[in-house]
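Trainee: I'm new to this one. Could you walk me through it?

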There are 2 protein chains.
Amino acid sequence: MHPRIVDTLKRNQLSITDSRKKILEMFLQRKGALAHADIEQQSGEEFDRVTIYRTLQTFVEKGIIHTIPSADNSVRYALCKDDCSEGHHHDNHVHFMCDHCGTTYCLDHVTVPPVVLPSGFLVSQVDVVVSGTCLKCQ
Amino acid sequence: MHPRIVDTLKRNQLSITDSRKKILEMFLQRKGALAHADIEQQSGEEFDRVTIYRTLQTFVEKGIIHTIPSADNSVRYALCKDDCSEGHHHDNHVHFMCDHCGTTYCLDHVTVPPVVLPSGFLVSQVDVVVSGTCLKCQ
DNA sequence: TACGTAAATGCAACAGTGTTGCAAAATAAT
DNA sequence: ATTATTTTGCAACACTGTTGCATTTACGTA
């Protein structure tokens, strides 16, 4: 098991349970983004659907993972780089969705360019989602 | 009725039906984005749910409207500036979602800044979604 | 204008997604 | 080891979106 798992859970004052350990491990292993359905499939019948939903919710609240916007209807989650503080997510990096294989990447090293809005709009967060073809699909 | 309605439908080789006229009018009237649920509520019992889904699908295919990405699970649609050609949407403008009232704006005059990705990624589209507080909610 | 064809609609049924309440089980604290 | 708190699993429900098929509507032609 990944050494960061128990550590991360404790730091966020979460009790150490099987589902949390397993789900967090999935995120740590495959660095890409995961949808609820991915987790449900990978974990087989081990956990209830509802438990997965609640675990993801908890992780988002604690700033362990963040949601990735998408034009289709699917919500994907990915690890926050260094755990964001509760309620405050500074994931100002670019997300990339491959049109071909569907994989979602967090491009941690590509920062979001500044966007200047008309006066009157107060910006709290900027999400950039790039779609196209990824490394593996060319 | 808005004069552009029949014109737009004809130009896209769509038959003129009540639902298409009514739904297109909704988009032309309130310049903001609309979710399926909004349309269902506004139209009352006039059209079947399925008809609304299919109309939205058709409009997206024809490039009359486009979908707006969002971090939550809701799909919203907005008019394409000048009808995009079929299958090709050039909506490279910034979208703004108000955290307070939930309204989604298309900021047609704010263009998407260039994003430079690591080599190996082929970019086909860049979506920028800004969230915060809008003009009315301050 | 009337007619025939092609397209769009409404209905029923279904699958997927996400939420809530509550009892049982697991975790944490003593 | 025992108790209090949290988490889980189950059941049920609401919402979202899709598909097949019969009926209705729109469109081109005569």
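Mentor: Sure, and a term comes up straight away: Ala, Val, Leu, Ile, Met, Phe, Trp, Tyr, Cys and Pro count as nonpolar, Asp, Glu, Lys and Arg as charged, and the others, Gly among them, as polar. Keep in mind that this is a predicted model.

Trainee: So how do the residues of the surface near DNA strand C divide into nonpolar, polar and charged?
Mentor: Sort each residue of that surface by the classes above. For the surface near DNA strand C, the split comes out as 8 nonpolar, 9 polar and 4 charged.

Trainee: Which element gives the most to the surface near DNA strand C?
Mentor: Start with the elements that give two or more residues: α3 (36-42) and α4 (49-62) of chain A, plus α2 and α4 (49-62) of chain B. The top giver supplies 4 residues, and that is α4(B).

Trainee: Which residues come nearest to DNA strand C?
Mentor: There are 21 residues around the strand to pick from. Both chains show up among the nearest ones, which are A:S15, A:I16, B:T17, B:S19 and B:T51.

Trainee: Is A:Q13 buried or exposed?
Mentor: First find it: A:Q13 sits in the loop between α1 (4-11) and α2 (18-29) of chain A. Its phi is near 55°, a positive value in a residue other than glycine. Then count neighbours: because A:Q13 has 8 C-beta neighbours inside 10 Å, and 12 or fewer is the cut-off, it counts as exposed.

Trainee: And what is phi of B:Q13 near?
Mentor: B:Q13 lies in the loop between α1 (4-11) and α2 (18-29) of chain B. B:Q13 is exposed, with 8 other C-beta atoms within 10 Å. Its phi is positive, though the residue isn't glycine, and the value is near 55°.

Conventions. Residues are numbered from 1 along each chain as its sequence is written. Chains are lettered from A and ligands numbered from 1 in the order in which they are written. This is a predicted model: local features need pLDDT of at least 70, side-chain atom pairs count only at pLDDT 80 or more; totals for chains, interfaces and linings use all residues. A residue is buried if 20 or more other C-beta atoms lie within 10 Å of its own, exposed if 12 or fewer, and partly exposed in between; C-beta atoms are placed from the backbone. A residue is near a molecule or strand if its C-beta atom, placed from the backbone, lies within 6 Å of it.
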